[in-house]
Amino acid sequence: MIRILHTADLHLGAAFPELGEKEGKRRLDLLQTFERLLTLAIKNEVQLFIVAGDLFDNPHPASELVEQVASGLKRLIDRGIAVALLPGDHDAPPAADGVYAKLTASGAVLLPETPGLQPISFTVAGRAVHFYAFGGRALPSPAILERMVRRPLDGVHIGVLHGLRPVLPGESGKGLSLENLRDWNLDYLAFGHGHEFLLVEGGERLYGCRPGSPEGLRFGENGPRHCALAEVEPERVRVEPLPVGGRVLDELSLDLTGCETLAEAAARIIELHSTDLLLRLTLTGLIEVPLDMAELHDRCAGEFYHLELRDRTELLAGDFVGRMASEETVRGVLARRARRLLADSPAERRPLVEEAFRETLRRFQGRQGGRS
(Lines give C-alpha, C1' and ligand atoms only; values in the text may rest on other atoms or scores of the structure.)
Protein backbone atom coordinates (compact mmCIF):
# COMPACT_ATOMS: atom_id res chain seq x y z
CA MET A 1 0.00 0.00 0.00
CA ILE A 2 1.15 3.55 -0.79
CA ARG A 3 -0.06 6.33 1.51
CA ILE A 4 -0.42 9.67 -0.30
CA LEU A 5 -1.18 13.26 0.61
CA HIS A 6 -2.70 14.76 -2.55
CA THR A 7 -3.26 18.49 -3.00
CA ALA A 8 -3.53 20.98 -5.86
CA ASP A 9 -4.27 24.61 -6.72
CA LEU A 10 -2.48 26.34 -3.88
CA HIS A 11 -1.80 29.36 -6.13
CA LEU A 12 1.01 30.62 -3.91
CA GLY A 13 1.85 34.25 -4.64
CA ALA A 14 -1.65 35.05 -5.94
CA ALA A 15 -2.71 38.70 -6.07
CA PHE A 16 -5.66 39.96 -4.01
CA PRO A 17 -6.05 43.63 -4.97
CA GLU A 18 -9.62 43.65 -3.65
CA LEU A 19 -8.26 43.17 -0.13
CA GLY A 20 -6.31 46.41 -0.14
CA GLU A 21 -3.84 46.64 2.71
CA LYS A 22 -4.55 43.01 3.68
CA GLU A 23 -3.28 41.65 0.35
CA GLY A 24 0.17 40.81 1.73
CA LYS A 25 -1.34 39.14 4.77
CA ARG A 26 -3.61 37.02 2.57
CA ARG A 27 -0.60 35.85 0.54
CA LEU A 28 1.02 34.83 3.80
CA ASP A 29 -2.16 32.87 4.62
CA LEU A 30 -1.59 30.76 1.51
CA LEU A 31 2.01 30.05 2.49
CA GLN A 32 0.90 29.05 5.98
CA THR A 33 -1.63 26.65 4.41
CA PHE A 34 1.24 25.11 2.44
CA GLU A 35 3.09 24.64 5.73
CA ARG A 36 0.02 22.94 7.21
CA LEU A 37 -0.01 20.55 4.27
CA LEU A 38 3.59 19.60 5.00
CA THR A 39 2.72 19.05 8.66
CA LEU A 40 -0.25 16.87 7.71
CA ALA A 41 1.96 14.79 5.42
CA ILE A 42 4.42 14.16 8.24
CA LYS A 43 1.76 13.61 10.89
CA ASN A 44 -0.10 11.07 8.73
CA GLU A 45 3.12 9.24 7.82
CA VAL A 46 2.57 9.40 4.08
CA GLN A 47 5.13 8.04 1.64
CA LEU A 48 4.20 10.31 -1.27
CA PHE A 49 3.24 13.99 -1.55
CA ILE A 50 1.51 14.98 -4.83
CA VAL A 51 0.72 18.49 -6.05
CA ALA A 52 -1.54 18.16 -9.11
CA GLY A 53 -0.88 21.55 -10.64
CA ASP A 54 -0.80 25.26 -9.81
CA LEU A 55 1.41 25.14 -6.76
CA PHE A 56 2.12 28.76 -7.71
CA ASP A 57 -0.16 31.36 -9.26
CA ASN A 58 2.30 32.24 -12.03
CA PRO A 59 5.49 30.80 -13.54
CA HIS A 60 7.77 33.47 -12.05
CA PRO A 61 6.89 33.98 -8.36
CA ALA A 62 9.15 35.89 -6.00
CA SER A 63 12.46 34.11 -5.41
CA GLU A 64 11.98 34.30 -1.64
CA LEU A 65 8.68 32.44 -1.94
CA VAL A 66 10.25 29.76 -4.15
CA GLU A 67 13.05 29.28 -1.64
CA GLN A 68 10.54 28.86 1.20
CA VAL A 69 8.61 26.25 -0.77
CA ALA A 70 11.79 24.41 -1.78
CA SER A 71 12.86 24.34 1.85
CA GLY A 72 9.49 22.93 2.90
CA LEU A 73 9.57 20.19 0.27
CA LYS A 74 13.09 19.28 1.29
CA ARG A 75 11.80 18.69 4.82
CA LEU A 76 9.55 15.99 3.41
CA ILE A 77 12.24 14.49 1.21
CA ASP A 78 14.71 14.37 4.12
CA ARG A 79 12.11 12.32 6.01
CA GLY A 80 11.85 9.84 3.16
CA ILE A 81 8.60 11.25 1.70
CA ALA A 82 8.74 11.35 -2.10
CA VAL A 83 7.42 14.53 -3.76
CA ALA A 84 5.82 14.64 -7.23
CA LEU A 85 4.88 17.97 -8.81
CA LEU A 86 2.84 18.65 -11.95
CA PRO A 87 2.76 22.12 -13.55
CA GLY A 88 -0.71 23.62 -13.92
CA ASP A 89 -2.15 26.11 -16.36
CA HIS A 90 -1.07 29.05 -14.14
CA ASP A 91 2.49 28.09 -13.26
CA ALA A 92 3.66 25.94 -16.17
CA PRO A 93 7.21 27.09 -16.90
CA PRO A 94 7.60 28.75 -20.30
CA ALA A 95 11.26 27.75 -20.33
CA ALA A 96 13.66 25.34 -18.68
CA ASP A 97 14.60 27.98 -16.10
CA GLY A 98 11.02 28.28 -14.81
CA VAL A 99 9.99 28.07 -11.17
CA TYR A 100 10.14 24.28 -10.96
CA ALA A 101 13.88 24.14 -11.68
CA LYS A 102 14.63 25.24 -8.11
CA LEU A 103 12.15 22.78 -6.63
CA THR A 104 13.57 19.77 -8.45
CA ALA A 105 16.99 20.76 -7.15
CA SER A 106 15.61 20.07 -3.67
CA GLY A 107 14.81 16.48 -4.71
CA ALA A 108 11.21 16.82 -5.91
CA VAL A 109 10.23 15.02 -9.11
CA LEU A 110 8.74 17.18 -11.86
CA LEU A 111 6.15 15.33 -13.92
CA PRO A 112 5.88 16.20 -17.64
CA GLU A 113 2.94 18.24 -18.93
CA THR A 114 2.35 15.74 -21.74
CA PRO A 115 2.33 11.99 -21.07
CA GLY A 116 5.32 10.25 -22.63
CA LEU A 117 5.53 6.93 -24.41
CA GLN A 118 6.41 5.41 -21.05
CA PRO A 119 5.39 6.51 -17.53
CA ILE A 120 7.77 8.25 -15.15
CA SER A 121 8.86 5.61 -12.64
CA PHE A 122 10.66 5.78 -9.33
CA THR A 123 10.66 3.98 -6.02
CA VAL A 124 8.39 5.04 -3.16
CA ALA A 125 8.70 3.27 0.19
CA GLY A 126 10.43 0.35 -1.49
CA ARG A 127 7.79 -0.06 -4.21
CA ALA A 128 7.87 0.91 -7.87
CA VAL A 129 5.42 3.70 -8.65
CA HIS A 130 4.61 4.68 -12.24
CA PHE A 131 3.25 8.14 -13.04
CA TYR A 132 1.12 9.08 -16.03
CA ALA A 133 0.88 12.87 -16.15
CA PHE A 134 -1.24 15.36 -18.05
CA GLY A 135 -0.53 19.04 -17.36
CA GLY A 136 -2.62 22.18 -17.67
CA ARG A 137 -1.34 23.19 -21.12
CA ALA A 138 -1.37 19.76 -22.79
CA LEU A 139 -3.78 19.14 -25.67
CA PRO A 140 -6.09 16.15 -25.06
CA SER A 141 -5.83 14.49 -28.47
CA PRO A 142 -6.82 10.80 -28.70
CA ALA A 143 -3.19 9.84 -29.35
CA ILE A 144 -2.02 11.69 -26.22
CA LEU A 145 -4.78 10.29 -24.01
CA GLU A 146 -3.88 6.81 -25.20
CA ARG A 147 -0.57 7.24 -23.40
CA MET A 148 -2.44 7.35 -20.09
CA VAL A 149 -3.30 3.63 -20.41
CA ARG A 150 -1.63 1.38 -17.84
CA ARG A 151 1.56 -0.35 -18.98
CA PRO A 152 2.42 -3.95 -18.06
CA LEU A 153 4.80 -2.96 -15.25
CA ASP A 154 4.86 -4.24 -11.68
CA GLY A 155 4.04 -1.67 -9.02
CA VAL A 156 1.48 1.07 -8.35
CA HIS A 157 0.18 3.11 -11.29
CA ILE A 158 -0.89 6.72 -10.63
CA GLY A 159 -2.33 9.32 -12.99
CA VAL A 160 -1.79 13.00 -12.15
CA LEU A 161 -3.92 15.41 -14.18
CA HIS A 162 -4.52 19.14 -14.32
CA GLY A 163 -6.94 20.76 -16.75
CA LEU A 164 -9.02 17.71 -17.66
CA ARG A 165 -12.17 17.32 -15.60
CA PRO A 166 -13.95 14.02 -14.99
CA VAL A 167 -17.54 13.93 -16.25
CA LEU A 168 -19.41 11.79 -13.76
CA PRO A 169 -22.83 10.12 -14.16
CA GLY A 170 -25.58 12.73 -14.42
CA GLU A 171 -23.18 15.51 -15.51
CA SER A 172 -22.76 17.05 -18.96
CA GLY A 173 -20.01 18.92 -20.77
CA LYS A 174 -16.58 18.13 -22.11
CA GLY A 175 -14.12 16.08 -20.11
CA LEU A 176 -13.09 12.56 -19.26
CA SER A 177 -15.80 9.94 -19.26
CA LEU A 178 -15.91 6.95 -16.95
CA GLU A 179 -15.06 4.89 -20.02
CA ASN A 180 -11.78 6.81 -20.30
CA LEU A 181 -10.96 6.15 -16.66
CA ARG A 182 -11.85 2.48 -16.89
CA ASP A 183 -9.75 2.06 -20.03
CA TRP A 184 -6.74 3.62 -18.34
CA ASN A 185 -7.04 1.12 -15.47
CA LEU A 186 -4.75 3.11 -13.16
CA ASP A 187 -4.68 2.52 -9.42
CA TYR A 188 -5.26 6.16 -8.47
CA LEU A 189 -6.09 9.37 -10.33
CA ALA A 190 -4.90 12.61 -8.71
CA PHE A 191 -6.86 15.47 -10.29
CA GLY A 192 -6.25 19.19 -10.01
CA HIS A 193 -7.67 22.39 -11.55
CA GLY A 194 -11.23 22.32 -10.13
CA HIS A 195 -11.28 24.15 -6.81
CA GLU A 196 -13.94 22.07 -5.04
CA PHE A 197 -13.41 18.69 -3.37
CA LEU A 198 -14.69 15.80 -5.50
CA LEU A 199 -14.47 12.03 -5.21
CA VAL A 200 -14.11 10.62 -8.71
CA GLU A 201 -16.15 7.45 -8.68
CA GLY A 202 -18.52 5.46 -10.84
CA GLY A 203 -20.46 2.33 -10.09
CA GLU A 204 -18.70 0.63 -7.20
CA ARG A 205 -15.26 1.89 -8.13
CA LEU A 206 -13.40 4.87 -6.65
CA TYR A 207 -10.93 6.09 -9.25
CA GLY A 208 -9.41 8.95 -7.32
CA CYS A 209 -10.02 12.47 -6.12
CA ARG A 210 -9.90 16.16 -6.87
CA PRO A 211 -9.06 17.79 -3.53
CA GLY A 212 -9.91 21.36 -4.53
CA SER A 213 -7.98 24.42 -3.41
CA PRO A 214 -6.70 24.01 0.17
CA GLU A 215 -7.40 27.69 0.87
CA GLY A 216 -10.38 29.53 -0.63
CA LEU A 217 -9.10 32.09 -3.11
CA ARG A 218 -12.21 33.88 -4.37
CA PHE A 219 -15.85 34.05 -3.33
CA GLY A 220 -17.50 30.89 -4.57
CA GLU A 221 -14.73 28.81 -2.97
CA ASN A 222 -16.61 28.99 0.29
CA GLY A 223 -16.57 26.96 3.47
CA PRO A 224 -13.98 24.49 4.80
CA ARG A 225 -11.14 23.49 2.47
CA HIS A 226 -9.37 20.14 2.22
CA CYS A 227 -6.56 18.04 0.92
CA ALA A 228 -6.88 14.29 0.25
CA LEU A 229 -5.29 11.48 2.23
CA ALA A 230 -5.27 8.45 -0.08
CA GLU A 231 -4.31 4.85 0.59
CA VAL A 232 -3.62 3.11 -2.70
CA GLU A 233 -2.95 -0.45 -3.64
CA PRO A 234 -3.87 -2.51 -6.71
CA GLU A 235 -7.69 -2.73 -7.03
CA ARG A 236 -8.29 -0.78 -3.81
CA VAL A 237 -8.39 2.95 -3.06
CA ARG A 238 -9.43 4.73 0.11
CA VAL A 239 -9.67 8.55 0.23
CA GLU A 240 -10.21 10.74 3.29
CA PRO A 241 -10.65 14.54 3.10
CA LEU A 242 -8.45 16.32 5.62
CA PRO A 243 -9.39 19.88 6.67
CA VAL A 244 -6.53 22.24 5.92
CA GLY A 245 -7.71 25.81 5.18
CA GLY A 246 -6.93 28.61 7.61
CA ARG A 247 -9.61 31.22 6.90
CA VAL A 248 -13.12 30.76 5.53
CA LEU A 249 -14.92 32.53 2.70
CA ASP A 250 -18.70 32.75 2.83
CA GLU A 251 -21.57 34.46 1.05
CA LEU A 252 -24.69 35.18 3.09
CA SER A 253 -27.87 37.21 2.96
CA LEU A 254 -29.14 39.28 5.88
CA ASP A 255 -32.74 40.53 6.13
CA LEU A 256 -32.76 44.05 7.58
CA THR A 257 -36.55 44.42 7.54
CA GLY A 258 -37.62 46.90 10.18
CA CYS A 259 -34.25 48.61 10.63
CA GLU A 260 -34.91 52.28 11.27
CA THR A 261 -31.34 53.51 11.70
CA LEU A 262 -27.92 52.78 10.27
CA ALA A 263 -26.72 51.89 13.77
CA GLU A 264 -29.37 49.17 14.04
CA ALA A 265 -28.33 47.73 10.67
CA ALA A 266 -24.68 47.72 11.76
CA ALA A 267 -25.56 45.88 14.97
CA ARG A 268 -27.27 43.11 13.00
CA ILE A 269 -24.26 42.71 10.71
CA ILE A 270 -21.80 42.59 13.60
CA GLU A 271 -23.69 39.64 15.07
CA LEU A 272 -22.08 37.58 12.25
CA HIS A 273 -18.57 38.68 13.22
CA SER A 274 -15.48 36.49 12.93
CA THR A 275 -11.93 37.74 12.49
CA ASP A 276 -11.15 34.65 10.35
CA LEU A 277 -14.08 35.20 7.98
CA LEU A 278 -14.01 36.73 4.50
CA LEU A 279 -17.68 37.57 4.03
CA ARG A 280 -19.70 38.80 1.08
CA LEU A 281 -22.98 39.90 2.62
CA THR A 282 -26.11 40.75 0.63
CA LEU A 283 -28.47 43.01 2.55
CA THR A 284 -32.16 42.44 1.85
CA GLY A 285 -35.54 43.35 3.33
CA LEU A 286 -37.75 46.43 3.65
CA ILE A 287 -35.94 49.25 5.43
CA GLU A 288 -37.08 52.67 6.59
CA VAL A 289 -33.95 54.72 5.86
CA PRO A 290 -31.53 54.69 2.92
CA LEU A 291 -28.29 53.06 4.01
CA ASP A 292 -24.98 54.83 3.50
CA MET A 293 -23.05 51.71 2.48
CA ALA A 294 -19.62 53.31 2.88
CA GLU A 295 -20.31 54.29 6.47
CA LEU A 296 -22.03 51.00 7.23
CA HIS A 297 -18.95 49.17 5.98
CA ASP A 298 -16.67 51.39 8.08
CA ARG A 299 -18.67 50.58 11.21
CA CYS A 300 -18.58 46.81 10.65
CA ALA A 301 -15.42 45.90 8.73
CA GLY A 302 -13.19 45.68 11.80
CA GLU A 303 -15.22 42.71 13.06
CA PHE A 304 -14.24 40.59 10.03
CA TYR A 305 -11.07 39.61 8.20
CA HIS A 306 -12.69 41.04 5.09
CA LEU A 307 -16.21 42.31 4.46
CA GLU A 308 -18.06 43.11 1.24
CA LEU A 309 -21.57 44.54 1.39
CA ARG A 310 -24.15 44.39 -1.37
CA ASP A 311 -27.27 46.49 -1.01
CA ARG A 312 -30.40 44.70 -2.22
CA THR A 313 -32.75 46.24 0.32
CA GLU A 314 -36.17 47.63 -0.55
CA LEU A 315 -36.90 51.22 0.37
CA LEU A 316 -39.63 52.42 -1.99
CA ALA A 317 -42.47 50.40 -0.42
CA GLY A 318 -41.75 51.60 3.13
CA ASP A 319 -43.45 54.23 5.26
CA PHE A 320 -40.44 56.55 5.00
CA VAL A 321 -40.86 56.93 1.24
CA GLY A 322 -44.65 56.94 1.64
CA ARG A 323 -44.39 60.05 3.80
CA MET A 324 -41.95 61.57 1.34
CA ALA A 325 -44.33 60.91 -1.56
CA SER A 326 -47.01 63.01 0.15
CA GLU A 327 -44.77 66.09 0.15
CA GLU A 328 -45.29 68.88 -2.38
CA THR A 329 -41.57 69.11 -2.94
CA VAL A 330 -39.03 68.02 -5.55
CA ARG A 331 -38.22 65.13 -3.24
CA GLY A 332 -41.91 64.19 -3.15
CA VAL A 333 -42.13 64.22 -6.94
CA LEU A 334 -39.09 61.93 -7.05
CA ALA A 335 -40.69 59.50 -4.60
CA ARG A 336 -44.01 59.38 -6.47
CA ARG A 337 -42.37 58.83 -9.84
CA ALA A 338 -40.05 56.16 -8.46
CA ARG A 339 -42.99 54.31 -6.89
CA ARG A 340 -44.89 54.36 -10.18
CA LEU A 341 -41.82 53.13 -12.05
CA LEU A 342 -41.39 50.33 -9.54
CA ALA A 343 -45.01 49.25 -9.91
CA ASP A 344 -44.73 49.20 -13.72
CA SER A 345 -41.40 47.32 -13.82
CA PRO A 346 -41.01 43.56 -14.21
CA ALA A 347 -39.56 41.76 -11.18
CA GLU A 348 -36.06 41.50 -12.65
CA ARG A 349 -35.80 45.31 -13.07
CA ARG A 350 -37.07 46.30 -9.65
CA PRO A 351 -33.67 46.03 -7.88
CA LEU A 352 -32.29 48.47 -10.48
CA VAL A 353 -35.12 50.92 -9.79
CA GLU A 354 -34.48 50.63 -6.04
CA GLU A 355 -30.76 51.23 -6.53
CA ALA A 356 -31.34 54.27 -8.75
CA PHE A 357 -33.76 55.75 -6.24
CA ARG A 358 -31.38 55.24 -3.32
CA GLU A 359 -28.54 56.90 -5.19
CA THR A 360 -30.67 59.86 -6.20
CA LEU A 361 -31.99 60.24 -2.67
CA ARG A 362 -28.47 60.24 -1.26
CA ARG A 363 -27.59 63.11 -3.54
CA PHE A 364 -30.63 65.00 -2.29
CA GLN A 365 -29.86 64.45 1.36
CA GLY A 366 -26.10 64.60 1.29
CA ARG A 367 -23.83 62.18 3.13
CA GLN A 368 -25.21 63.15 6.54
CA GLY A 369 -28.74 62.08 5.65
CA GLY A 370 -28.22 58.36 6.34
CA ARG A 371 -26.32 58.68 9.62
CA SER A 372 -27.57 58.18 13.13
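Which residues does Leu31 touch, not counting residues up to four places away in sequence? The first view answers this, and the model shown in every view is predicted.

**View 1. Leu31 and its contacts.** Leu31 lies in helix H1. Leaving aside residues up to four places away in sequence, Leu31 touches Leu12, Leu65, Gln68 and Val69. Leu31 has a relative accessible area of 11%, so this residue is buried. Now look along the chain to Leu139, 108 residues apart from Leu31. The C-alpha atoms of these two leucines are separated by 31 Å.

**View 2. Helix H1 from end to end.** Helix H1 covers residues 23–43, which makes 21 residues. At 1.5 Å a residue, H1 should span 30 Å. The C-alpha atoms at its ends are 30 Å apart, so the expected span and the model agree. Several residues of H1 are buried, among them Arg26, Asp29, Leu30 and Thr33. Phe34, Leu37, Leu38, Leu40 and Ala41 are also among the buried residues of H1.

**View 3. Glu45, after the helix.** Glu45 follows H1. This residue is found in the loop between H1 and strand S2 (48–52). Its phi is near 55 degrees, a positive value in a residue other than glycine. Is Glu45 buried or exposed? Its relative accessibility is 61%, so Glu45 counts as exposed.

**View 4. Asn185, another loop residue with positive phi.** Asn185 lies in the loop between helix H5 (178–184) and strand S8 (188–192). Phi of Asn185 is near 60 degrees. That value is positive, and the residue is not glycine. With a relative accessible area of 37%, Asn185 is partly exposed.

**View 5. Ser106 in its loop.** Ser106 sits in the loop between helix H3 (100–105) and strand S4 (109–110). Its relative accessibility is 14%, so Ser106 counts as buried. Where does the backbone oxygen of Leu103 lie? This oxygen is 2.5 Å from a polar atom of the Ser106 side chain. Ser106 also touches Ala70, Leu73, Lys74 and Ile77, not counting residues up to four places away in sequence.

**View 6. Two phenylalanine rings.** How many aromatic pairs does the structure hold by the rule that ring centres lie within 6.5 Å? The count comes to one aromatic pair. Phe122 and Phe131 form this pair. Their rings are 4.9 Å apart, centre to centre. The planes have 15 degrees between them. Planes under 30 degrees apart count as stacked, so the pair Phe122 and Phe131 is stacked. Both Phe122 and Phe131 are buried.

**View 7. A lysine over a tyrosine ring.** Here the view turns to Lys22 and Tyr305. Lys22 lies over the face of Tyr305. The distance from the ring centre is 4.9 Å.

**View 8. Two cysteines without a disulfide.** How many disulfides does the structure hold? The number is zero. Cys209 is in no disulfide, and its nearest cysteine sulfur is that of Cys227, 9.3 Å away. Cys227 is in no disulfide either, and its nearest cysteine sulfur is that of Cys209. A disulfide needs two cysteine sulfur atoms within 2.5 Å, so the 9.3 Å between Cys209 and Cys227 does not qualify. Cys209 has 0% relative accessibility, so this cysteine counts as buried. Cys227 is buried too, with a relative accessible area of 0%.

How values were computed:
Residues numbered from 1 in each chain as written. Predicted model: local features only at pLDDT ≥ 70, side-chain atom pairs only at ≥ 80, totals over all residues. Heavy atoms only, no water. Phe/Tyr/Trp six-rings, centres within 6.5 Å; stacked < 30°, edge-to-face > 60°. Buried < 20%, exposed > 50% of the residue type's maximum accessible area, 1.4 Å probe, protein only. Lys NZ or Arg CZ within 6 Å of the ring centre and 35° of its normal. Helix = DSSP H or I, 4+ residues; strand = E, 2+ residues; numbered from the N terminus. Expected span 1.5 Å × (residues − 1). Polar contact = N/O pair within 3.5 Å; in protein donor to acceptor, adjacent residues only side chain to side chain. Contact = heavy atoms within 4.5 Å.
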